[in-house]
Amino acid sequence: MGFVKAPATKEMLIEGVRETMGPEALEMIEKAYKVSEDSHQGQFRLSGEPYIVHPLQVGFILYELGLDEKVISAGILHDVIEDTKYTRDDMVRDFGTEITQLVEGVTKISQIKSQSKETEAAENIRKIIIATIQDIRVILIKLADKTHNMRTLSFQPPEKQRRIANETLSLYAPIAGRLGIYSVKSELEDLAFQVIFPEEYQDIKKRISAKKSEREDYIEKLQLILKQRLAEIQINANVEGRAKHFFSIYRKMKTKEKTFDEIFDLRAIRIVTDEIKDCYGVLGIVHTLWSPVPGRFKDYIATPKTNMYQSLHTTVIGPDGKPLEVQIRTAEMNAIAEFGIAAHWVYKEGKTHANERHLTVKWLEVLQTWQDSSLDPKEFLEELKYDLHEDEVFVFTPKGEIIQLPKGATVLDFAFRIHTDVGLHCKGAKINGRMIPLRTELRSGDQVEVVVDKRSKPSPIWLRIVKTPSARQKLRAYFRKLREETSKDLEQGAESAAELTLNAEVLEELKRKPSEKVSKQTQTQGQVAGGKILVAGLRDIPVRLSGCCSPLPGDQIIGFVTRGRGVSVHKKNCNVALKQREEEQLRQITVDWDYGQTEPVPVRVEVKAKDRQGIYLEMVKSISGTQTNILEAGASTVQKDTLMARFMIEVEHLDQLKEILGNLKRIPDVVFAHRVK
């Protein structure tokens with residue numbers, strides 16, 4: 001493997017700590033090293049090296065990130081409790097509870113064993129995230145641990161190499177990015193890149209090496225020009241070339257479909273100043289020297305990223321007529337850009353600030369949403385990956401407050417980000433003063449105003465509208481609570497109104513016999529919906545949605561016990577059901593939708609419109625725009641200039657059908673749109 005840093009020695013760590021951190025820190029770190037070395041005596045890594053090499057490297061990485069002696073010591077000790085005879089009590093005695101808790105937070109969850117490696121990885125990451133919420137330093141140690149393991153990945157079997165590299169690329173590197181630790185993020189990405197795409201990695205590496213001297217000459221020329229102009233206006237600044245790591249080049253080639261020679265930001269520069277005002281002064285000089293490219297200026301100083309990153313970004317046409325990327329920031333911003341949250345633990349005057357452990361980082365608010373233990377591992381990983389990999393949009397409240405959300409987030413996500421109650425009672429919203437649908441995606445610069453009505457309640461289709469894990473979790477919690485309350489009310493109702501419910505013997509009979517007649521009569525009588533409707537507060541009772549009125553989730557419903565066909569469910573005002581109950585003397589039973597658990601129901605929709613070019617396609621796009629699956633579609637001309645279109649669609653809730661029909665009716669030249677029973 002080509003991209004591997006030379007391992008640090010014990011002497012390098014000790015000398016560095018002695019020079020920068022003082023005698024007390026040195027004493028603690030030396031003690032941690034001695035305990036770790038003694039405890040791991042006789043243990044070896046796959047490389048054949050003594051095991052102590054690994055905790056030493058973890059400690060040195062943490063030292064390079066500028067962390068304090070407690071974090072470095074915890075990194076050196078992170079495998080001791082799990083892998084040796086040294087106990088938790090021993091550690092509390094020797095190092096105190098704080099370091100012990102850090103080590104426990106990082107310790108691999110070895111007791112979690114699963115048939116699926118993906119499930120096991122998800123549970124490990126979920127555990128790490130929960131520990132991180134309690135103390136952000138936990139994930140910093142874990143990232144250092146992962147970094148050294150990736151540096152020595154070549155000693156693992158090929159299949160395991162690829163699995164670990166993929167996990168690193170999709171999860172750990174983005175987590176480092178979200179914490180703003182770009183030095184770690186870049187290294188993890190390149191280490192994973194060379195394992196997953198070895199040929200592409202080597203190709204980019206050779207190309208960069210071949211153009212190294214040309215690139216250095218170009219940067220040197222820019223440095224001379226800039227330093228001269230900045231000296232004229234008395235701005236002190238350091239101008240340097242900005243190296244782009246291999247994976248970012250590969251990713252840009254793929255996402256933008258460009259060749260290597262078309263990636264011009266290989267020759268990007270960074271200008272580091274003393275003060276914020278100087279950043280804008282430098283920007284003016286850069287734009288005076290070279291023409292800025294429209295739409296390529298970003299001010300992350302005025303609107304920092306969620307990981308605290310601040311900088312000015314601009315792209316100009318350089319002296320050779322090609323695009324040149326320029327970053328402008330202060331020295332403090334530069335430290336945060338390299339080390340992110342870790343920059344807040346930089347050693348100062350012999351002490352670290354105790355309250356820095358509890359720094360409020362906006363990204364940690366997102367971490368809070370990843371604790372939902374009700375999510376299955378696969379769903380958890382998907383939620384996590386979405387939030388890690390999405391770019392951000394910056395939108396404004398009516399008072400001018402900036403709210404950051406992942407790209408693709410909707411107005412409904414915005415409402416839940418403001419407050420849970422605002423989301424749950426959101427009736428509508430305005431973007432830049434204009435009323436818009438709740439599923440509308442936000443764009444940077446939008447001013448969003450949420451219309452709240454305490455009488456409004458969430459619809460299950462909102463779970464398909466929201467994009468952020470936090471909003472989705474809040475909705476799941478709402479529907480979970482609603483199901484519990486509904487189930488309890490139904491049970492109480494059944495007890496207090498015996499004439500409306502089944503006796504226990506009949507209920508048990510329904511549960512015991514799914515009944516072949518139910519499935520045989522499904523096509524002609526309606527749709528089986530067992531498990532999606534609560535019957536007297538119970539699930540898993542055979543249920544049939546009657547075809548006469550075709551109830552949808554959201555409709556008020558009643559249920560009747562039929563002979564051999566389980567429970568027949570109708571709309572509450574269904575005349576056929578009321579007549580059938582009298583003729584066949586059916587017994588009524590309390591039923592309700594099991595919201596959050598319902599499955600799509602096939603629904604036929606008919607649309608009449610003036611026949612003009614493109615109108616049928618507009619109908620299809622209108623339905624698809626609500627993220628609705630179209631099972632069947634067709635259209636025919638019934639009269640001169642009149643088109644009849646028919647669709648079979650899958651609908652999850654009455655609100656979804658209302659939205660679809662409402663959108664269809666708003667299409668110019670549509671006469672009517674309605675459901676066909």
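Phe-394 is buried (under 20% relative accessible area, with exposed meaning over 50% and partly exposed in between; 1.4 Å probe, protein chains only), its relative accessible area being 13%. The residue belongs to strand S6 (residues 392–396), where strands (E, at least two residues) and helices (H or I, at least four) are DSSP runs numbered from the N terminus. The model is a predicted one, in which local features need pLDDT of at least 70 and side-chain atom pairs count only at pLDDT 80 or more, while totals for chains, interfaces and linings use all residues. Residues are numbered from 1 along each chain as its sequence is written, and side-chain values use heavy atoms, with hydrogens and water left out.

Contacts (heavy atoms within 4.5 Å) link Phe-394 to Tyr-300, Thr-303, Pro-304, Ile-402, Ile-403, Gln-404, Arg-443, Ser-444, Gly-445 and Asp-446, when residues up to four places away in sequence are not counted. Asp-446 is separated from Phe-394 by 52 residues in sequence, yet their C-alpha atoms are 7.7 Å apart.

Helix H11 (residues 182–196) has 12 of its 15 residues buried and is therefore largely enclosed by the rest of the structure. Among these buried positions are the charged residues Lys-185, Glu-187, Glu-189 and Asp-190, the charged class being Asp, Glu, Lys and Arg, the nonpolar class Ala, Val, Leu, Ile, Met, Phe, Trp, Tyr, Cys and Pro, and the polar class the others, Gly among them. The cover over the buried residues includes H9, helix H10 (158–178), helix H12 (198–210) and helix H14 (246–255). The end C-alpha atoms of H11 lie 20 Å apart, which agrees with the 21 Å expected for 15 residues at 1.5 Å a residue, the expected span being 1.5 Å times one less than the number of residues.

Helix H9 (residues 137–151) also packs with helix H3 (residues 53–64), their axes coming within 9 Å and crossing at roughly 125°. The two helices are therefore oblique to each other. On the H3 side, the contact involves Val-53, His-54, Gln-57, Val-58, Ile-61 and Leu-62; the residues met in H9 include Leu-140, Ile-141, Ala-144 and Asp-145. The residues of this contact divide into 7 nonpolar, 5 polar and 2 charged.

Two aspartates have positive phi values: about 65° for Asp-641 and near 80° for Asp-669. Asp-641 lies in the loop between strand S19 (630–639) and strand S20 (642–651) and, at 46% relative accessibility, counts as partly exposed. Asp-669 occupies the loop between helix H28 (654–665) and strand S21 (670–676) and is likewise partly exposed, at 34%.

Terms used
Axes are lines fitted to C-alpha atoms, for helices over the stretch in contact, and angles run from 0 to 180 degrees between N-to-C directions. Angles under 35 degrees count as roughly parallel, over 145 as roughly antiparallel, 65 to 115 as roughly perpendicular and the rest as oblique.
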